[in-house]
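This report looks at aromatic rings, at how they pair and at the charged groups placed over them. Please keep the sequence and the structure in view while reading.

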Amino acid sequence: MCGIVAYVGSKPVAPLLLEGLKRLEYRGYDSAGLAVVSPGGIEVRKSVGRVSVLEDKISQDPDALSAAIGIAHTRWATHGQPSEPNAHPHTGKTREGHEIALVHNGIIENYACLRTYLEGKGHTFTSQTDTEILAKLIAELYETDLESAVQKALHEVTGAYAIAVISAAEPHTLVCARKGSPLIIGIAEHSYVVASDASAIVSHTTQVITLDDYQVVKLCAGKRDKYTQEQGLWAVEFRTTTIDNVPVTSEVTELEIDLQQIELGGYPHFMLKEIMEQPESIRNCLRGRIDHREGRVVLGGLTDVTRELVRAKRFLFTGQGTAYHAGLIGEYLFEDLAKIPARCEYASEFRYRNPIIEDGTVMVAVSQSGETADTLAALTEAKERGAMTIGAVNAVGSSIARVTDAGVYLHVGPEIGVASTKAFVGQVAVITLLSLYVGKRKYLSNDAVSEYLKQLEQVPDYIQRVLDQSDHIKSCVEKVVDRDNWLFLGRGYNYPVAIEGALKLKEISYIHAEGMPAAEMKHGPIALIDEGMPVVFLATKGSQYAKVMSNIQEVRSRGGRIIAVATEGDEQISRYADAVFTIPPMPDALQPLVSVVPLQLLAYHAAVLRGHDVDKPRNLAKSVTVE
């Protein structure tokens, strides 16, 4: 949820760190800071607000930051409000008076008792954060080298962390470690770039090492041989160990993203870019996974567990936020197409209620980043209780992808906008493929699977037909954007879409919105409806169309303003709705892939019209890597 970037090498560090922070700003933007090792010791600069504020501050004092090793951080507040004292990096002093600086992503759960211990040792604190405790603990335990001090400190810590640490006593050394929060090491020429995710690394290298939990990496820079001295280059060496100082052999992998994918490309916001990319994203998601000759789904990542999937007695889906809504659709898909009992659980609640995992249970963990802390914890709990685990994630090599027994990547490309759009559609597409994959091996006929697959391949074109309505959607939103309370209603497969549409509106426009089953409205929420209140109905042609039309009449008779997502060619709906957005005719099971798109555009235009920062909504961060 916070963003870390660090560098060891031969280039001036401040510009590189600032560039990395800008690419990571979607992970947090309450405050930012950096620290470098200079000849006079450690120089720290911090500011409240966006990275641009820090950049302006540094531009007034560039000479103080002329160094080639440093750490930086952009914050999403957990402990302590956004303020300069609470901004990272945090520092501590060893007994010999050498300063240590640290940046941290995660939560130190036992910070209170550690703070009491450190205060007893004479340390004083200037912030309200849990991170400052860790900086001072490392300083307290420092004896002869930074690496061993970090290892000792992490033995005393309970919680999640990704950290990068520097010391004035070792001006050419950077030590990093992780448990529960992501951290990757980019291997560039004569340098290393450390970051929370690939977006801060890809402009420098595509060769990376992903740290596992309880691993520590030590990066050292210096002119160590005749060649590098003659060339004016720094030779950079590294070693990876556990926190018990056991050597680890790290695997180097290739990033699957390129720089162009994380640039705006002429769009005013990443969210709009990612909404508009959805036709191509879904083509990429489906590519190579549909075999028309045999009428089957090809999911190579599941080959080794196919027998267990077919024998499964129950499927559990888990996720948070948008991923949870995708899992809800999975619940419908598996019971409808695969005829297997299915349930979707909030990951944050799952492991705290003594869940029952029966023999033959499969858990599907849904996450864009593959690092969502609650989802990872639920997954681990289910696995320990005997469930087989499947991952549906977008980030290759992420924690969930490594922990699960098998999985399917979304392949929709990096998603930078905090409000998830193309990842949601990718998640639903993958879960749809998974339901057909299992369904064909149980109850679905070849003809039924073939027909679904043909329709599924039309989805990118169907989405484009919705995207072409963007200006119309904007003009309709303009008439109601001043209203602060909305309802989103749907039935069947479109009930989770209604919840997702409400979430999108809340996330970026700060309009209060509730999503629910359309029939539930009569059991209390109908009391909210007054003259002109916007009520968004998922009113597509399908098995529950007549019921939804009855619900529309109920709202209309009470003065509500009807906004409908309907099927192309439906002439009846226009007589009752104040605004209509259409999707092509398609099977109920595939409708969520397309019916969600007008709701994404609705939320986007509402946020822009209300003057909000669409890509960096208040209080939110892209990847929630702490509980």
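The sections below take up the ring pairs and then the charges over rings.

## Aromatic pairs

The model discussed here is predicted, and it holds 6 aromatic pairs. One of these is formed by F315 and F334, whose ring centres are 4.3 Å apart; because the planes of F315 and F334 meet at 35 degrees, which is neither under 30 nor over 60 degrees, the pair counts as tilted. F315 belongs to strand 17, residues 314–319, while F334 belongs to helix 10, residues 322–338, so the pair ties together parts that are 19 residues apart in sequence.

F315 is buried, with a relative accessible area of 0%, and for F334, also buried, the value is 0%. Ring pairs further link F315, F317 and F334 into a cluster.

## A stacked pair

The rings of W486 and F488 have their centres 6.3 Å apart, and since their planes lie at 20 degrees, the pair is stacked; the cut-off that this step needs is a plane angle under 30 degrees. W486 is buried, with a relative accessible area of 1%, and F488 is buried with a value of 0%.

## Charges over rings

Two aromatic residues are considered here together with a charged partner. The charged end of R618 is placed over the ring of Y510, at 4.0 Å from the centre of that ring. K136, in turn, lies over the face of F125, and its distance from the ring centre is 5.5 Å.

Methods: Residues numbered from 1 in each chain as written. Predicted model: local features only at pLDDT ≥ 70, side-chain atom pairs only at ≥ 80, totals over all residues. Heavy atoms only, no water. Phe/Tyr/Trp six-rings, centres within 6.5 Å; stacked < 30°, edge-to-face > 60°. Helix = DSSP H or I, 4+ residues; strand = E, 2+ residues; numbered from the N terminus. Buried < 20%, exposed > 50% of the residue type's maximum accessible area, 1.4 Å probe, protein only. Lys NZ or Arg CZ within 6 Å of the ring centre and 35° of its normal.
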